[in-house]
Amino acid sequence: MPFTRKLPDAATLAAHLESGMTVDHIAETYDCRKEAVRRKLQHLNLMAVRPKGIPLDMAGKGPGPVSRSKRGVFLHPDRITFMRDTAGPEGGLEVRPMSLPRVGMFLAALAAKNIKVTEVRNA
């Protein structure tokens, strides 16, 4: 069974827009999703593509990016913190602090003194 197109041709869609129909109303009329109508209108250059950006009232109010110069190892009384690239929620990489507990700090101090620590197993 061949695929049947729900949306009409470019001239009909242009006429709908000129008559004042919204994307929601066109989608409801032709029984399809709003996103499909938007994509078709953008493909036919009947609707402008707006870039997703930060609204002007929110610009500069969020946390800034972590400078790559702030990488390194930071020693605290109870932990060691180092900066590491991790996967971001939207893809890409984020620089995030990672912490080791004090036990890790103790082992790091032993390793710095060239003391080998072996695994202890209960018999």
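**View 1. Lys34 and its partner Asp24 in a predicted model.** Start with Lys34, a residue that is partly exposed, with a relative accessible area of 42%. Its salt-bridge partner is Asp24, and the closest N and O atoms of the two sit 3.9 Å apart. This pair links distant parts of the chain: Lys34 belongs to helix α3 (residues 34-43), while Asp24 belongs to helix α2 (residues 23-29), and 10 residues separate them. Is Asp24 buried, exposed or partly exposed? Asp24 turns out to be partly exposed, with a relative accessible area of 42%.

**View 2. Glu35 and Arg38 within helix α3.** Here we stay inside α3 and look at a salt bridge between the side chains of Glu35 and Arg38, at 3.5 Å from N to O. Along the chain the two are three residues apart, which is about one turn of the helix. Glu35 is partly exposed, having a relative accessible area of 37%. Arg38 counts as partly exposed too, at 31% relative accessibility.

**View 3. Arg39 meets Glu35 as well.** Which residue forms a salt bridge with Arg39? That would be Glu35, with 3.9 Å from N to O between the two side chains. Arg39 and Glu35 are four residues apart in helix α3, so about one helical turn lies between them. Arg39 is partly exposed, and its relative accessible area is 45%. Put the shared partners together and you get one network made of Glu35, Arg38 and Arg39.

**View 4. Strands β1 and β2 side by side.** Now for the strands. β1 covers residues 73-75 and β2 covers residues 79-87; the two run antiparallel and are joined by three bridges. To find your place, look for Leu75, which stands opposite Ile80 in β2. How many residues make up the hairpin connection from β1 to β2? The chain gets across through three residues.

**View 5. Strands β2 and β3, paired over nine bridges.** β2 also has a partner in β3 (residues 93-101), and this pairing is again in the antiparallel sense. A handy landmark is Thr81, which stands opposite Ser99 in β3. These two strands form a hairpin as well, with five residues between them. Keep an eye on Gly91 in that turn: its phi is positive, at about 95°.

**View 6. Stepping back to the whole protein.** With the close-ups done, here is how the pieces line up. The protein has four helices and three strands, and along the sequence they follow the pattern α-α-α-β-β-β-α. So where do the strands come in that order? They follow three helices and come before one more.

How much of the chain is buried? Of the 123 residues, 15% count as buried. The protein exposes about 10700 Å², and carbon and sulfur atoms supply 57% of that area. Taking the contacts with a separation of 6 or more, 29% are between residues 24 or more positions apart. As for salt bridges, a search of the whole structure finds three, including the one between Lys34 and Asp24 from the opening view.

Key: Residues numbered from 1 in each chain as written. Predicted model: local features only at pLDDT ≥ 70, side-chain atom pairs only at ≥ 80, totals over all residues. Heavy atoms only, no water. Pairing = 2+ DSSP bridges. Buried < 20%, exposed > 50% of the residue type's maximum accessible area, 1.4 Å probe, protein only. Contact = heavy atoms within 4.5 Å. Areas by Shrake-Rupley, 256 points an atom, 1.4 Å probe, with all protein chains shown as cover. Salt bridge = Lys/Arg side-chain N within 4 Å of Asp/Glu carboxyl O.
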